[in-house]
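Reader: Hi! I'm in my first year and still learning to read protein structures. Please pick one part of this model, look at it closely, and then follow its themes outward.

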Amino acid sequence: MVKDLTQGNPGKVLIKFTIPLLISVCFQQLYNIADSIIAGKFLGGDTLASIGISYTVTMIYMAIANGSNIGCCVVISQFFGNKNYNKMKTCVSTSLLSLTVLSIVLTVLGLVFSNSILTALNTPDNLLQGAAVYLNIYTAGLVFLFLYNVCNGIFTALGDSKTPLYFLIFSSILNVVLDYVLVRFTSLGVSGVAWATFIAQGIASILSFVFLMIKLQKLHSEKAKLFSFDMLKKIMFVAIPSILQQSFVSVGNIFIQGIVNSFGEIVVAGFSAAGKLNTFTITSMTALGNSMSSYTAQNIGANKIERIKSGVKYLYLISFALTIPLFVLFFFMPEAMMSIFVENTEIEIIKTGAEFLKTVAPFYLFITIKLIIDGVLRGSGVMKMFLISTFTDLLLRVILCYTLTPVLNERGIWISWPIGWLVATAISCTFYFTGIWKKKINNLTK
C-alpha cells in the first residue's frame, strides 16, 4: 500500500516506514556477504580476494543505480506529497525508460573495458582471471540491477517500504541457496557465485516491475505521458549530483583498492571480508538517509516543512539503537566476525580484517548522523550542500591513503576512513543546524 508521510505523528510514521527499509537493506547486504562466506569457505582465500576486487568495481554500477534511484525517488515523492498523480506517473515511466537505456550503455562499456579496469587496479596475476569472470557476469545483468533498484525506489517514494522488503527477502534467500548449490555441487567456481546473483536479481527485478505496474493502476488519474523531457530534467537535477556523489565515492574506493592490492593477497583478502562488514553497516545506515529523503520530499511537496526537524530527531534515536550493537561486535569481537568468512587457520587474513574493523567501528555513529542530514538536504533539493560534505569525505580519504601508507603501511588506509567521516559530518551538521538549507529548498512540483 502507498503511505502518505505528511500525516500523523512524525516518529510513528518514520518508524513504520524506516524499519522495513532497514530490513530490506540488511537482506540485500547479507546475500552480498553470503557470496564471500561461501567463496571463502569452499573455494579458498584466492577466490575471496578475486570477488573482493571485483566488488569494488561493481560498487560503481551500484552507485549509479542508487544515485538514479534517489533522483527518481525525490521527484516522485514531491509529486505524491502534492497529490499530483498524473505527473507522478509520467515521472515513473520517464525514469524507467531512461534508466533502462543507461543500463544498456553501461553493460556494453563494462564488458569491453573490464579487463583493463582490473589490470589498472594492480590486480595480482593469480587473481585476475577469477576477478574478470565474476565482473563480466555481474556486468551482463546490469539491466536487472537498474530495473530492480528503480522499482524499489518508486515503491519507497510512494511511502511503501514493505513491498521492497518482500522482494529483497525472496531475492536474498534465492541468491544464498543458488550460491551454495552452484559452488558446492558444481565445478563452476567463482562463476557460480556470479550466476547466483545474476539469476536471483533477474527474477526479483521482473516481479518488482509487474507489481509496481499493478500498484500504479490503483492510483486514479488522467492518462499520463509515457516520456517527458521536462520531467527528465527534474529527475536529473537530483539524480546527477546523487550519481556523482555515489560514483565518486566508489571511484575513490577503486583508488583505495588499488593501494590495498599493492600489499598482496593477505591484505586484499582481509580487506575484502572486513569491507563487506563495513559496507553492510554503512549501507544500512544509508537506508535511514534514504527514508529521510522520501519523508522530507513528501513534506516539502505538501508544504509541511516544520515536520522535517521532528523526523530527524526520531531517526537519530533509531540510528543510536543500530550503531551501538555493531560497534560492540566489530570493536570487541573483530576476529570472531572475520572467522565467518575464512577458516580459523587463516590467521593473517583474520588479523588484517580485524585491525580495519577496530579502527572504523568507533566512528559509525558520526557517519550515521551525516547520512541522516544528507537525506534532508537531498530531499529538499539542496544538492550543492549535499555534494560538498560528501566530496570532502572522499577527497580526504583518498589523499590520506596515499599520504599515510608509505609510513604506516595498510594501517594508513584504515585511518583515512574515520578522519574523512568526522570532517564531512562536521560540514553536514553546519549546513543543517545553522538553518542554511531552509533558504535553499527546491520544490520540484512547481
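Author: Let's start with a term we will need throughout: a residue is buried when its relative accessible area is under 20%, exposed when over 50%, and partly exposed in between, using a 1.4 Å probe and protein chains only. This is a predicted model, in which local features need pLDDT of at least 70 and side-chain atom pairs count only at pLDDT 80 or more, while totals for chains, interfaces and linings use all residues. Residues are numbered from 1 along each chain as its sequence is written, and side-chain values use heavy atoms, leaving out hydrogens and water.

The part I have picked is around Asn409. This residue sits in the loop between helix H14 (383-408) and helix H15 (410-433). Helices here are DSSP runs of H or I with at least four residues, strands are runs of E with at least two, and both are numbered from the N terminus. Asn409 is not a glycine, yet its phi is positive, about 60°. Its relative accessibility is 40%, so Asn409 counts as partly exposed.

Now look to either side of that loop for salt bridges, where a side-chain nitrogen of Lys or Arg lies within 4 Å of a carboxyl oxygen of Asp or Glu. In helix H14, Asp393 and Arg397 are 4 residues apart, about one turn of the helix. They form a salt bridge, with their closest N and O atoms 3.2 Å apart. Asp393 is buried, at a relative accessible area of 6%, and Arg397 is buried too, at 5%.

On the other side, Arg411 makes a salt bridge with Glu355 (3.2 Å, N to O). Because Arg411 lies in helix H15 and Glu355 in helix H12 (residues 347-360), this pair ties together parts 56 residues apart in sequence. Arg411 is partly exposed, with a relative accessible area of 41%.

The count of salt bridges comes to 4. Another of them joins Lys215 and Asp160, with 3.1 Å between the closest N and O atoms. It links distant parts of the chain, 55 residues apart: Lys215 is in helix H7, and Asp160 is in the loop between helix H5 (142-157) and helix H6 (162-184). Lys215 is buried at 16% relative accessibility, and Asp160 is buried at 2%.

The positive phi turns up elsewhere as well. Asn303 has a phi near 60° and belongs to the loop between helix H9 (265-301) and helix H10 (306-332). Its relative accessibility is 61%, so Asn303 counts as exposed. Asn122, which follows H3, also has a positive phi, near 60°. Gly381, just after H13, has a positive phi of about 75°.

That brings us to helix H13 (residues 364-379), which has 16 residues and reaches 23 Å from its first C-alpha to its last, close to the 22 Å expected at 1.5 Å a residue. The expected span is 1.5 Å times one less than the number of residues. Of the 16 residues of H13, 14 are buried, so the helix is largely enclosed by the rest of the structure.
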